[in-house]
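The following exercises concern a single protein chain. Each task is followed by a solution that proceeds step by step.

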Amino acid sequence: MLVSLLALLAAYLTAALVTARVGYGIERARIIELERDWHADEDPVERFREQGQSVAASTAFLYGLAWPVVVPAYVFYRCAALVITRRPPLTPYERAARAERLDARIRELEESLGLRGRALDENGPLP
């Protein structure tokens, strides 16, 4: 009984440390990216070490303690985000922009082949 309880505690703590490590990596990347955008004239990694590291470590520690809730919630969030954002229907603006890009590419190819302004039949340019 005691051995199984200790094994369960060891498994919980191991999962907590792994979750905290992953959470720290995610938070670190997020904070450094924000620092790069907010303070373009300074080194974002150095600013993270000076100001953001304790916040990221505290957040990761909390993620680690609550891993039985955090890990399934994070996996569900990632799956839901993938399903929700996967290939949405194009807006009229996106369809028009795509048509313009295709027309420009067709014109470019026609000009490079010397076909611009000539009538084409199914076998190629007319004589």
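Two residues are in contact when heavy atoms of theirs lie within 4.5 Å. The model used throughout is predicted.

**Exercise 1. Overall form**

Determine which order of helices and strands the chain follows, and compare its radius of gyration with that of a compact globule.

Solution.
Step 1. Count the elements: the chain contains 4 helices and 2 strands. Along the sequence they are arranged as α-α-α-α-β-β.
Step 2. Take the radius of gyration. A compact globule of 127 residues would be near 14 Å, whereas this chain has 28 Å.
Step 3. Examine the box along the principal axes, which is roughly 90 × 45 × 25 Å for the C-alpha atoms.
Step 4. Add burial and surface. Of the 127 residues, 15% count as buried. The accessible surface comes to about 10,500 Å², with 64% of it belonging to carbon and sulfur atoms.
Step 5. Consider the contacts between residues at least 6 apart in sequence: 57% of them join residues at least 24 apart.

**Exercise 2. Charge**

State how many positive and negative side chains the chain has, and how far apart the centres of the two sets lie.

Solution.
Step 1. The count gives 16 positive and 17 negative side chains.
Step 2. The centres of these two sets are 6 Å apart.

**Exercise 3. Helix α1 and its buried residues**

Compare the span of helix α1 with the expected value, and identify what its buried residues pack against.

Solution.
Step 1. Helix α1 covers residues 2-38, 37 residues in total. From first C-alpha to last it reaches 52 Å, close to the 54 Å expected at 1.5 Å a residue.
Step 2. List buried positions: among them are A16, A20, G23, E27 and I31.
Step 3. Recall the geometry of the helix. An α-helix has 3.6 residues a turn, so residues three or four places apart point the same way.
Step 4. Identify the partners: the buried residues of α1 pack against α2 (44-65) and α3 (67-85).

**Exercise 4. Two residues of α1**

Decide whether G23 and R28 are buried, partly exposed or exposed, and find their contacts beyond four places in sequence.

Solution.
Step 1. G23 is found in helix α1. Its relative accessible area is 5%, so G23 is buried, the cut-off being under 20%.
Step 2. Beyond four places in sequence, G23 touches A60 and Y63. By contrast, T85, 62 residues from G23 in sequence, is 23 Å away, C-alpha to C-alpha.
Step 3. R28 also lies in helix α1. With a relative accessible area of 32%, R28 is partly exposed.
Step 4. Neighbours within four places aside, R28 is in contact with V45, F48 and A56. The C-alpha atoms of R28 and R49, 21 residues apart along the chain, are separated by 9.6 Å.

**Exercise 5. Two further arginines**

Establish for R47 and R87 whether each is buried or exposed, and describe the setting of each.

Solution.
Step 1. R47 lies in helix α2. R47 is buried, because its relative accessible area of 12% is under 20%.
Step 2. Apart from neighbours within four places, R47 contacts E35, H39, E42 and G52.
Step 3. R87 lies in the loop between α3 and α4 (92-113). Its relative accessible area is 73%, over the 50% cut-off, so R87 is exposed.
Step 4. Inspect the backbone of R87: phi is near 45°, a positive value in a residue other than glycine. Most residues other than glycine have a negative phi.

Technical notes. Residues are numbered from 1 along each chain as its sequence is written. This is a predicted model: local features need pLDDT of at least 70, side-chain atom pairs count only at pLDDT 80 or more; totals for chains, interfaces and linings use all residues. Side-chain values use heavy atoms; hydrogens and water are left out. The radius of gyration is taken over C-alpha atoms; the globule rule is 2.2 Å times the number of residues to the power 0.38. Buried means under 20% relative accessible area, exposed over 50%, partly exposed in between (1.4 Å probe, protein chains only). Accessible areas come from the Shrake-Rupley method with a 1.4 Å probe; for residues, only the protein chains shown count as cover. Lys and Arg count as positive and Asp and Glu as negative; His and the chain ends are not counted. The place of a charge is taken as NZ of Lys, CZ of Arg, CG of Asp or CD of Glu. The expected span of a helix is 1.5 Å times one less than its number of residues.
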